[in-house]
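Here are a few exercises to work through with the model open beside you. Try each task before you read its solution.

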Amino acid sequence: MQKSSCSHKTSTMNKIYTLGKSIFAYLKRYGNNRPPLMFTCETESCNHRVMHKHGRYFRMAVTKHHHTKIPAYRWRCCICTTTLTLLPDFLVPGKHFVTFVREASVKRKAQGEGFERVAKGVVSPSAGGISPRTIKRWWNDHIHQASEVAHFIAGELIKSGVEEDLLCSHSHGVNPTRVDTVHWLARLIPRYVQVLGQCPSFRMGSFGFLNTQLFPHLRI
Ligand SMILES: [Zn+2]
């Protein structure tokens, strides 16, 4: 018997948008109201069908001092049943800790702090603390990803007309280590943010803003 079109596996996708300058601003605006946005399905055969509102779920956003429950809104395609979840730029899928806590962790590690010290510095005991092993995992993820993200950003900068030799600024081109690449990425990000004419809030860091621009597999 032929399967109906409803029986194929539902796929899910996530989009990350800037939806306020802070968690508080997001909650104030969207705590009870869906962002007034429209999405179309990206499945080719759905021909840009407008997606329908599809409820919301609550998830945790953990900062240095607080655990905050925030709503994440969903949309759904009635043809292929793909669902889309919209996340604010301080979160990425699958992680409770907000992006600016992860950013602060990798920055401190890149500056030479040990995992234990970083863990004590970025999440307070009142918020439940964080294991140095988690910091180590974030750091390893970051050093594995840094090269691809840095090359993407360098490419975007070159496309936008930045003329200085961005590749030569990578550890002066001499046998760069993965940590050199992390530093190179850290130098490229402010240029990219500037070129896009954006000004992410200082307290929210820049990884969150970056995640609104990056392909899902490059999000940091
Ligand atoms: Zn669809």
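**Exercise 1. Find how far apart the C-alpha centres of domain 1 and domain 2 lie, and describe the contact.**

Solution. The C-alpha centres of domain 1 and domain 2 are 25 Å apart. Domain 1 spans 5–88 and domain 2 spans 99–218, with bounds that come from an automatic or database domain assignment. Next, count the residues: twelve from domain 1 and twelve from domain 2 take part in the contact, where contact means C-beta atoms, placed from the backbone, within 7 Å. On the side of domain 1 that touches domain 2, strand β1 (residues 12–17) gives the most, three residues. By class, that side of domain 1 has three nonpolar, seven polar and two charged residues. Here Ala, Val, Leu, Ile, Met, Phe, Trp, Tyr, Cys and Pro count as nonpolar, Asp, Glu, Lys and Arg as charged, and the others, Gly among them, as polar.

A word on the source: this is a predicted model, in which local features need pLDDT of at least 70, side-chain atom pairs count only at pLDDT 80 or more, and totals for chains, interfaces and linings use all residues. Residues are numbered from 1 along each chain as its sequence is written.

**Exercise 2. Write down the order of the elements in the chain.**

Solution. Start with the inventory: six helices and four strands, taken as DSSP runs (helices H or I, at least four residues; strands E, at least two) numbered from the N terminus. Read from the N terminus, the order is β-α-β-β-β-α-α-α-α-α.

**Exercise 3. Place E116 and decide: is E116 buried or exposed?**

Solution. First locate E116: helix α3 (residues 115–122) holds this residue. Then count neighbours: E116 is exposed because it has 12 C-beta neighbours inside 10 Å. The cut-offs are 20 or more other C-beta atoms within 10 Å for buried, 12 or fewer for exposed, and partly exposed in between, with C-beta atoms placed from the backbone. For contrast, look up the buried residues of α3, which are V118, A119 and V122. They lie on the same side of α3, because they cover an arc of only 100° around the axis; the arc is that of the directions from the helix axis to the C-beta atoms. Their packing partners are α2 (99–110) and α4.

**Exercise 4. Work out how α3 packs on helix α4 (residues 132–159).**

Solution. Two numbers describe a pair of packed helices: the angle between their axes and the distance between the axes. For α3 and α4 the angle is about 105° and the axes are 8 Å apart. The pair is therefore roughly perpendicular. Axes are lines fitted to C-alpha atoms, for helices over the stretch in contact, and angles run from 0 to 180 degrees between N-to-C directions; under 35 degrees counts as roughly parallel, over 145 as roughly antiparallel, 65 to 115 as roughly perpendicular and the rest as oblique. Now list the partners: F115, E116, V118 and A119 of α3 meet P132, I135 and K136 of α4. Sorted by class, the residues of this contact are five nonpolar, no polar and two charged.

**Exercise 5. Repeat the analysis for α2 and α4.**

Solution. The angle between α2 and α4 is about 80°, and their axes are 10 Å apart. These two helices are therefore roughly perpendicular to each other. On the α2 side the contact uses R102, S105, V106 and K109, and on the α4 side I135, W138, W139 and H142. The classes come out as four nonpolar, two polar and two charged.

Notes: Contact = placed C-beta atoms within 7 Å.
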